[in-house]
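Here are a few notes to help you find your way around this one. Have the structure open while you read.

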Amino acid sequence: MKGIIYQLKSVGKDKFCILSFLLPVIAAAALNLAGSIDLSSLGEYHFCVTDGGVTEEIKQWLARYGDVTVCQSGEEWLSRIREPSTNDIGVEMDGDGIRTVLAGDELEIWRQTACTLPALYQQREMTAQMNIQTLEQPDVLTGFQHLFMAVILIAAMFMGCTFNAMNIISEKEEGTALINEILPVTSLQYLMQKIFIGFVCGSLSAVVTAAVCFRLSAARAAVMLGLIVLSAFVAALAGLFAGRISEGLMTGVAFIKIVMIVFMAVPLLKYLAVAEGSVLSYVCYLIPSSAAFEGILYLTDGSLTAAGKDMAILAVHCAGWFFLCLLISRHWKKHEKRIS
């Protein structure tokens, strides 16, 4: 117990570990905030006309398709069209019809609209007889929000890797690792002490992140907690490996980045580019974050059974990685005693 308390004090002084804990929570809060912002106005068309330059009928007709700004002079009208930060379409009379004016730096969709608008105005009487149904415009981020949240939660789950790796590297640089080598501690006790900090901190970070990201029922929240616990345990074991094989801080940071990139890139590539049921999709399960990522997406869709399958895969990872860590730890202990 004293060893665990010492580890907690050591982590509390490490700003890198504290930042790793808070970063997924901050990112989740920012994503929730961005999802609540109405971005539909960014897709609206903006027209500008001069006062007296077009008829009231044209103004009302343009207002059906977007926002209409009335300029008091021709200079103001040209200024709004040429403004690089806007996509305003200038409209003026052209005989019985209208003519559109562009600056030339607008997006392609606004250019196509400007080219179509005069012909559309000429056919306004015909289009007025048609029944028009206006559909609700979906939120821009709706299709991607769950995907982004799953990625952030994966990062939080596997933050235990950072905690453990940085803790072991700090002990090496401070000389504490030499003291640990001569302490009467078994391989299992050493493993539990080192895994505990990364496991607890990673789990807490993921739980807080999940609470910010998702609103789950009691059953789905229980499955989510299982995914978090299993993923955090595997991440803590990965951090133990990274810390032991790192010779210094820079090497350790490089290893941590590699692990995090693999843990986050493989599930995304599997989701976006790999066909379900293919051989490659099963190979991706060799990376534990693939099962965690898939389980999170299943939970957001309400599929508890499919998420249970991913929990089983993570449980196999936990058992296999822990057994491997135990064997390697015993080997390191024997090697250190032989050297001493």
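**Rings and sheet: some notes**

1. Let's start with two buried residues: tryptophan 61 and tyrosine 121 are both in that class. Keep in mind that you are looking at a predicted model.

2. How many aromatic pairs does the structure hold? There are 7. In one of them, tryptophan 61 meets tyrosine 121 edge-to-face, with 5.1 Å from centre to centre and 75 degrees between the planes. This pair links distant parts of the chain, since tryptophan 61 sits in helix α3 and tyrosine 121 in helix α5, 60 residues apart. Ring pairs also bring in Tyr65, giving a cluster of Trp61, Tyr65 and Tyr121.

3. Another pair to look at is phenylalanine 233 with phenylalanine 322: the ring centres are 6.0 Å apart and the planes at 35 degrees, so this one counts as tilted. Phenylalanine 233 belongs to helix α11 (residues 218–245) and phenylalanine 322 to helix α15 (residues 304–339), so the pair ties together parts 89 residues apart in sequence. Phenylalanine 233 is buried, at 19% relative accessible area.

4. Now the sheet: it is open, has 4 strands in the order β2-β1-β3-β4, and its pairing is mixed. Why do β2 (66–71) and β4 (97–101) each have one side without a neighbour in the sheet? They stand at the edges, each with a single partner strand.

5. Within the sheet, β1 (residues 45–50) runs parallel to β2, paired over 6 bridges. Valine 49 faces valine 70 of β2 there. Helix α3 (residues 56–63) packs on the sheet and touches β1, β2, β3 (89–94) and β4. Helix α5 (residues 108–122) packs on the sheet too, touching β1, β3 and β4.

Key:
Residues are numbered from 1 along each chain as its sequence is written. This is a predicted model: local features need pLDDT of at least 70, side-chain atom pairs count only at pLDDT 80 or more; totals for chains, interfaces and linings use all residues. Side-chain values use heavy atoms; hydrogens and water are left out. Two strands pair if DSSP finds at least two bridges between them. Helices (H or I, at least four residues) and strands (E, at least two) are DSSP runs, numbered from the N terminus. Contact means heavy atoms within 4.5 Å. Axes are lines fitted to C-alpha atoms, for helices over the stretch in contact, and angles run from 0 to 180 degrees between N-to-C directions. Rings of Phe, Tyr and Trp (its six-membered ring) pair if their centres lie within 6.5 Å; planes under 30 degrees apart count as stacked, over 60 as edge-to-face and the rest as tilted. Buried means under 20% relative accessible area, exposed over 50%, partly exposed in between (1.4 Å probe, protein chains only).
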